Amino acid sequence: MSDDAALAPLATLVTRLRAAISFEDAATAALKTMLDCASTALTKNPALKSPRLLRATVHLRPDDGYQRLFGIEHPTGAALEDTGYVTSANVWRWINQHRCAVSIGVQLGVLSTYSPEGAALDREPPETQGVIGLETRNHMLGRDVTHVHVVPLCAPGGSVSGMITLEARCKGAIERAAVWDGCRDVLDLLASIAAPHLGALPPRAVPKVTTDELLPVIGRATAGLIELVRVFAAQDETVLISGPTGAGKSRLARWCHEQSSRKGKCFETLDLLSVPEDLQMAELFGWKRGAFTGATRDSAGTIARAANGTLFIDEIDKLSLKAQAGLLRVLEERRYRPLGDEGGARRADVRFIIGTNADLRACVRAGKFREDLYYRINVLPVRLPALSERLDELPLWAEYMLARRHGESGGRGAAWIEREGLELLSKTSWPGNLRQLDNIVRRAYALALSDRRGAGGDLVLARHHLERALDYDAGAEDVALIDQLWRAAKVFVGEAERREGGESPPLTLEMSEAIRGLVLAAAVARRGGRDAAFSLLGQHPLVKSRNHHRAYKREIERVREFVSLVGGKVDEDLAALLDTPEEPA
């Protein structure tokens, strides 16, 4: 491609990106430009017969977890829907490993990676590495795709934050592994230009997501995630759901099953935390009588019980290395054999959803988790936020849990939570997430029933009921200071994301300095005066020189500005301090 011809798509993309105000705008601009460029190059290649570009997709997955997924058809530019997306664990592994473009000859099952200079680094047949996986290959062939080109999206510093995939149909070149030589370098350059915009621009506002019995509450922080999982549910690839304990991973897994084509079929759960290591293989694959000591009869494993449906494997980091090897074979070959069975292998017609609260990459580095299995289950990864990162959902979850408990108990009349009680819950730390909240609501419900003593009318959870329920948890879990500060930091960042690109004033890093004033205010409230508060926090020289009043005034003013910006109800103690006139120096 000549220099002038190469500059034309660059100028087109820059113009389109300047006009973009959302991730979807930037993604459309990048994909349209790259598809047009590739289409021109393939058409000019005399060795290709009637080549046709089909579609392209942006996979944005910083920190190795999907954040956004967006694709368009060529040449119409129509957005892709549900099963219109193609994903591959092995391709993502190669993109991360080599940080350069990957080309796939679907018919041949050959994957080629290229250095930035354009030289082929390696070429692997499917029997060696699995390349794109049998299911993904069959899915591509079913969509009439013969060639795929994948370009990494590199963040500043060189880390891979995602990828762009282009799909083409070149039936006259199915014997060739790659057809992209005439545009590969330009595609790399276009992706490099688009990457910062794709990572920085906010997504379009998500329409109100429909709730149901499995997901009765969906807040601002999770609305985009749920729509992403809805797309993933329509595919049959493995979904990896990470998130802290009690955040609702099993609920989301079941919801994903109900949104899939396997709805109405079996949904099995295997919680590895409750399975001894030496029985994990048996629980997965089942066993024949006499396979091991205690196997007095045949038993089907969870894979067999989930036939034609979905198997949710939770706490995957607890799986032994031996069982990891067995699961990897199932995921790659879709076949398994019960322990002690000398017959032929059985087909595993199962959709896998995996759950974990661990950092699997750290487990890989520590040698506790197989790297090949990690990439095999990391096809469609999503992270479910902690409750502290979606506090807007907390009151609705509490009311839903109360209503469910009231219904299960056959209670008469309505059951509701006083406003002061909801405010208390919103100010509470929730290291146990939704599971802990459910326990507190159940406990408070029992206390409220005891106070009512059979009287009729509505049942009301007052603040004192919830305080007593929370007191039982006091000291039960010693949460480290750094963990609590980390949660506060994530809440701050979550609010910054919510305001990004909206009408509300943005949050800046400088505004986080208000935490100093909040710490001082808390110390004053606890110690009853400024002298004692500053002394407690190691500021004896300021107290001695009487300069601490000026320092306090400066810090509290920052808090006032911050409160004025973010709004919301302020704790009574803090409100009193913010309204207190300044003391004379």
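A disulfide is taken here as a pair of cysteine sulfur atoms within 2.5 Å. The model is a predicted one, and by this rule its disulfide count comes to zero. Cys154 shows what that looks like in practice: the nearest cysteine sulfur belongs to Cys100 and sits 9.2 Å away, so with a cut-off of 2.5 Å there is no disulfide here. Cys183 is in no disulfide either, its nearest cysteine sulfur being that of Cys37, at 5.6 Å. The surroundings of these two cysteines can be put in numbers as well. Cys154 is partly exposed, with 36% relative accessible area, whereas Cys183 is buried, at just 1%.

Cys154 also leads into the strands, since strand S6 covers residues 147-154. On one side of the story is strand S3 (residues 102-105), which runs antiparallel to S6 and is joined to it by four bridges. One of the residue pairs here is Gly105 of S3 with His147, its bridge partner in S6. In a regular strand, side chains alternate between the two faces of the sheet. S3 can be read with that in mind: Val102 and Ile104 point one way, Ser103 and Gly105 point the other way, and all of them are buried.

S6 also pairs with strand S7, again in the antiparallel sense, this time over eight bridges. Leu153, for instance, stands opposite Gly162 in S7. The hairpin made by S6 and S7 has five residues between the strands, and Gly157 takes a positive phi there, near 100°. What about S7 itself? Ten of its ten residues (160-169) are buried, so the strand is largely enclosed by the rest of the structure. Strand S1 is another partner of S7, and the two pair in the antiparallel sense over eight bridges. Within that pairing, Val58 has Ile164 of S7 as its bridge partner.

Next comes Arg61, placed in the loop between strand S1 (52-60) and strand S2 (68-73). Is this arginine buried or exposed? Arg61 is buried, because its relative accessible area is 1% and anything under 20% counts as buried. Its side chain reaches two backbone oxygens: that of Asn378 at 2.9 Å and that of Val379 at 3.5 Å. Leaving aside residues up to four places away in sequence, Arg61 touches Tyr66, Gln67, Trp92, Ser161, Gly162, Asn378, Val379 and Pro381. Gly162 has already come up as the residue opposite Leu153. Pro381, for its part, falls within strand S14 (380-383), which belongs to another sheet.

That sheet is an open one of five strands, in the order S9-S10-S13-S8-S14, with parallel pairing. Its edges are strand S9 (267-271) and strand S14 (380-383), each of which pairs on one side only. From one strand to the next, the twist averages 20°. Looking further in, strand S10 (residues 310-314) and strand S13 (residues 351-356) run parallel and are joined by four bridges. In this stretch Thr310 stands opposite Arg351 in S13. A helix accompanies the sheet, too: helix H7 (residues 220-233) lies across strand S8 (239-242), S13 and S14, and runs at about 155° to S14.

Further along the chain, helix H17 (residues 463-471) has His465, Leu466, Ala469 and Leu470 as buried residues. These cover an arc of only 130° around the axis, which puts them on the same side of H17. And what do the buried residues of H17 pack against? Their neighbours are strand S15 (415-417), helix H15 (419-426), helix H16 (433-452) and strand S16 (459-461).

The last stop is Leu577, found in helix H23 (residues 572-579). Leu577 counts as buried because its relative accessibility is 16% and the limit is under 20%. Its C-alpha atom is 8.4 Å from that of Val524, although the two residues are 53 residues apart along the chain. Val524 is also one of the residues that Leu577 touches, along with Ala521, Ala525, Tyr552 and Arg560, again not counting residues up to four places away in sequence.

Conventions
Residues are numbered from 1 along each chain as its sequence is written. This is a predicted model: local features need pLDDT of at least 70, side-chain atom pairs count only at pLDDT 80 or more; totals for chains, interfaces and linings use all residues. Side-chain values use heavy atoms; hydrogens and water are left out. Buried means under 20% relative accessible area, exposed over 50%, partly exposed in between (1.4 Å probe, protein chains only). A polar contact is a pair of N or O atoms within 3.5 Å; within protein, one must be able to donate a hydrogen and the other to accept it, and residues adjacent in sequence count only if both atoms are side-chain atoms. Contact means heavy atoms within 4.5 Å. Two strands pair if DSSP finds at least two bridges between them. Axes are lines fitted to C-alpha atoms, for helices over the stretch in contact, and angles run from 0 to 180 degrees between N-to-C directions. The arc is that of the directions from the helix axis to the C-beta atoms.
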